[in-house]
Amino acid sequence: MSATNTTPERPGIKLKLAIQKSGRLHDDSMRLLKECGIDISNGVNKLKSEATNFPLEVFFLRDDDIPQYVEDAVADIGFVGENVVYEKKKKVDVTEQLGFGKCRLSIAVPKGESYTDATSLRGKRIATSYPVLVQDFLDKNNVQAEIHEISGSVEIAPGIGLANAICDLVSSGSTLFMNGLQEVESILKSQAILIKNQDLGPVQQAILDKLLFRIQSVKKAKNTKYVLLNAPNDKLDEIISLLPGMKSPTVLPLAEQGWSSVHSVLSENEFWDIIERLKAAGAQGILVVPIEKMIL
Ligand SMILES: Nc1ncnc2c1ncn2[C@@H]1O[C@H](COP(=O)(O)OP(=O)(O)OP(=O)(O)O)[C@@H](O)[C@H]1O
Ligand SMILES: O=P(O)(O)OC[C@H]1O[C@H](OP(=O)(O)OP(=O)(O)O)[C@H](O)[C@@H]1O
Ligand SMILES: [Mg+2]
């Protein structure tokens, strides 16, 4: 066991994390832990594993069960989709959005069928694995419809005469397309989130705080790029004014007289806009490098 495997406060105590055993969230959950510098050996069919270098124990579960396990403190925290958390309505705290597993929960009807708004569903039969969220949506819109709960392959329901409409998760839309359906209304936007038990003990909370610090550093780094460019000295002021940077950009003289190298950090959403303006202002040899971690 490595020296950093437990907390200094209470050697032996570990934070218990529930993640999906297999499916859409499994690989991204494991990747996030790895990016946080946490080593987990996940042997085939192993349902429980301990980190070798962080006080963390990981349980591999069906995603639908994770909110209940966290409410019951069988697990202290879980990585799970918002869609599951809001459907199950368990008493857990939502702590952090994790930035993967992005999808939406949408109503779809057979292609060509008319749909104006929620009232078009009046008296219809809707197949879904999310009866609670669909009922909330119908109630909010004062619409009475029949909900037919099925646990999977929901998109097939209209094609085999089981329902007039469906409500299921969509990301690329290809499953809807292949089943002759059109998306008509999105009722929830979802991504993977970190949930935690509402009565977490102080030692577990301290470990969670360390984990959250790492997750936030990884997330910030994903949304930012490190930019290096060459600038003629007479254009430096204008170029620096375009760069936000963590504090202010780093400026180093180049071997070639009259030129400088400028280093800065740009966020993903303003990136292309700023690069175009940098080029227009005379920047050359622009290099863009991914950032692995960002500690502020
Ligand atoms: N097409 C998608 N794109 C992105 N994220 C998705 C997509 N479909 C589902 N998700 C997210 O991933 C979660 C797990 O989806 P998956 O299809 O693996 O669940 P499942 O079949 O219920 O798995 P389990 O066997 O664990 O019960 C969903 O609850 C949702 O948050
Ligand atoms: O819009 P798309 O990109 O086509 O994704 C949507 C599909 O993804 C999910 O199922 P998944 O493929 O995870 O399989 P599952 O039904 O076995 O859970 C979801 O239930 C949809 O069927
Ligand atoms: Mg499931």
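D65 counts as partly exposed, because 19 C-beta neighbours lie inside 10 Å; 20 or more would make a residue buried. This is a predicted model. D65 sits in the loop between β3 (56–61) and α2 (66–71). V84 is 19 residues away from D65 in sequence. In space, the two C-alpha atoms are 9.0 Å apart.

**Domains and ligand**

The protein is divided into domain 1 (15–100 + 192–221), domain 2 (103–190) and domain 3 (224–290). Between the C-alpha centres of domain 1 and domain 3 the distance is 38 Å.

Where does ligand 1 lie? Domain 1 and domain 2 both give residues to the shell around ligand 1, so it lies between them. There are 16 residues around ligand 1. G23, R24, G81, C103 and S171 come nearest. By character, the shell holds four nonpolar, seven polar and five charged residues.

**Strands β12, β13 and β14**

β14 (residues 259–267) pairs with two strands, β12 and β13. The table sets out both pairings.

| Strand | Residues | Sense of pairing with β14 | Bridges to β14 |
|---|---|---|---|
| β12 | 224–232 | antiparallel | nine |
| β13 | 250–253 | antiparallel | four |

Individual partners can be named. A231 has S260 in β14 as its bridge partner. L252 stands opposite S261 in β14.

β13 and β14 form a hairpin with five residues between the strands. In this hairpin, G258 takes a positive phi, near 85°.

In a regular strand, side chains alternate between the two faces of the sheet. Which residues of β14 make up the covered face, and which the uncovered one? S260, V262, S264 and L266 make up the covered face. The uncovered face consists of W259, S261, H263, V265 and S267. Thus S260, the bridge partner of A231, belongs to the covered face. S261, which stands opposite L252, belongs to the uncovered face.

**Helix α8**

Is helix α8 (residues 271–280) largely buried or in the open? Of its ten residues, the number buried is one, so α8 lies largely in the open. G282 follows α8. The phi of G282 is positive, near 110°.

Terms used:
Residues numbered from 1 in each chain as written. Chains lettered and ligands numbered in written order. Predicted model: local features only at pLDDT ≥ 70, side-chain atom pairs only at ≥ 80, totals over all residues. Near = placed C-beta within 6 Å. Nonpolar A, V, L, I, M, F, W, Y, C, P; charged D, E, K, R; others polar. Domains from an automatic or database assignment. Buried ≥ 20, exposed ≤ 12 C-beta atoms within 10 Å, placed from the backbone. Pairing = 2+ DSSP bridges.
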